[in-house]
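Visitor: I am new to this structure and should be grateful for a close look at a single part. Please describe helix α4 and the spaces beside it.

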Amino acid sequence: MSQLLTRKIHDWYAGLASSVSKLRRTEKPPVDALIEQWQIQTAGEHVFDNRFEAEVLGTAENTTRYWWPDASAYRLRNVRLAGGAGQVYFQNGEIFNVDPLTRREKKDRVLRRPVPGMRHEVKGPLLHLCGPNSENHGHFILDYLPKLMPFLERFRAEPRARILLSPGRKKWQCRYLARFGIPEDRVIEAGYGTLAADELWYVPILHAEDGVAKLSAPRNHFAARDALAAEPDSKDAPLCIFASRLDAPNKKLLNEERLAERAREILGDVRTIKLSEHSLAEQLRLFASATVIIGAVGQNLTEVLCATGKLVLVMTVEEKILPGRRSWGRAYHNLALLGGNKAVLLTRDTPWDADRNWSFNEDRFADVLARAWKLFQQDRAFAGR
């Protein structure tokens with residue numbers, strides 16, 4: 001049976017089942033399904049020094065913060081996984097509801113369910129790294145690689161264990177997994193149907209469901225950074241890289257080429273890069289080598305996590321950042337700070353179009369960049385005394 005037909009059958013079944021009975025959710029595995037459970041993350045928050053941005057922009061927000069919840073890892077037996085997102089179901093029909101993305105999805109009909117008689121059996125252990133949004137490089141680095149960390153040493157020690165990814169993503173996600181010493185032959189893809197696993201290693205996405213920044217405890221991201229990090233290359237190191245979004249499907253910064261020209265007036269050496277034109281190794285080297293990193297929020301900017309000691313200008317499509325409210329702009333700003341950089345977040349100041357493509361005021365951009373660069377140089381000179 002084709003993947004397309006399998007997908008349609010599971011979509012039809014989810015709609016039919018949700019019209020007959022409400023989906024039963026549980027945050028506690030049944031006794032007969034639980035092999036082992038242990039806490040891997042304690043709720044907490046991280047507060048950043050934000051005085052650099054406050055001085056550049058003339059604001060009073062001298063700190064910024066994000067928080068994360070308690071979380072556990074699970075070894076489960078005899079579970080069913082439904083759809084490409086690998087929704088976890090127990091034999092009693094309950095869906096495992098500890099992941100913030102599952103909790104947020106309130107419409108039962110869009111959560112695929114196991115279809116009786118259509119299951120494909122796979123021997124475990126399977127380490128669950130599939131799920132919503134994992135087709136995006138940024139989400140994979142920030143949401144899914146942290147799920148790997150609690151099981152990484154156990155995975156390396158258990159030759160039978162394999163990693164389960166969402167369908168169609170193995171080729172490029174294996175490039176990241178290889179950085180952790182995981183070979184391609186230990187990675188498989190889920191289908192769009194029903195998968196029966198005799199043993200599943202499961203960690204929910206670790207960021208807070210209502211968090212201001214979609215980041216988990218810093219140690220998770222530091223582990224990803226350490227695996228992905230590249231050595232700077234002084235021979236081919238532009239002073240500034242402008243991480244383009246013009247090859248993105250939406251939320252494009254339409255005047256980024258003119259913004260790059262304005263940046264050249266201030267910095268001189270500015271190189272615009274499209275990540276689709278560079279290998280992963282080249283991307284990481286560029287982020288490690290440049291002194292200034294500029295870009296709009298998106299997967300093009302995610303590798304700023306692997307940069308340290310840089311000046312980072314983050315532009316976001318959001319018009320306003322509200323304290324304590326979920327914000328991808330603030331998430332990327334905090335990500336830059338987490339990497340040990342000086343960062344400034346700039347909100348959208350012009351209308352967007354139907355695809356949320358937008359432009360940024362070029363004079364404002366140049367003014368902020370000039371002030372940030374001057375202060376950044378002063379801070380470096382003071383630190384070098």
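Guide: The account below follows α4 through its cavity, its partner helix and its pocket. This is a predicted model, in which local features need pLDDT of at least 70 and side-chain atom pairs count only at pLDDT 80 or more, while totals for chains, interfaces and linings use all residues. Residues are numbered from 1 along each chain as its sequence is written, and side-chain values use heavy atoms, with hydrogens and water left out.

Helix α4 covers residues 137-148; helices (H or I, at least four residues) and strands (E, at least two) are DSSP runs, numbered from the N terminus. Together with β6 (87-89) and α3 (100-104), α4 is an element that supplies at least two residues to the lining of the largest cavity. On a 1 Å grid over the protein atoms alone, a cavity is a set of points where a 1.4 Å probe fits but cannot get out; a pocket is an open set with protein on both sides within 12 Å along at least five of seven lines, and lining residues have an atom within 4 Å of a point. The largest cavity holds about 120 Å³ of space, a volume being the space filled by probe spheres set on the points, which are joined across faces, edges and corners. Its lining has 16 residues, with Q87, D99, T102, H128 and Y202 nearest the centre.

α4 also packs against helix α6 (residues 170-177), at an angle of about 55 degrees and with the axes 12 Å apart. Axes are lines fitted to C-alpha atoms, for helices over the stretch in contact, and angles run from 0 to 180 degrees between N-to-C directions. The two helices, α4 and α6, are therefore oblique to each other: angles under 35 degrees count as roughly parallel, over 145 as roughly antiparallel, 65 to 115 as roughly perpendicular and the rest as oblique. On the α4 side the contact (heavy atoms within 4.5 Å) is made by H137, F140, I141, L145 and L148, and on the α6 side by W172, Q173, Y176 and L177.

The largest pocket contains about 970 Å³ of space. Of its 39 lining residues, N136, R245, V297, G298 and Q299 lie nearest the centre. Elements giving two or more residues to this lining are α4, α6, α9 (280-289), β16 (311-316) and α10 (328-338), and α4 gives the most, with five residues.
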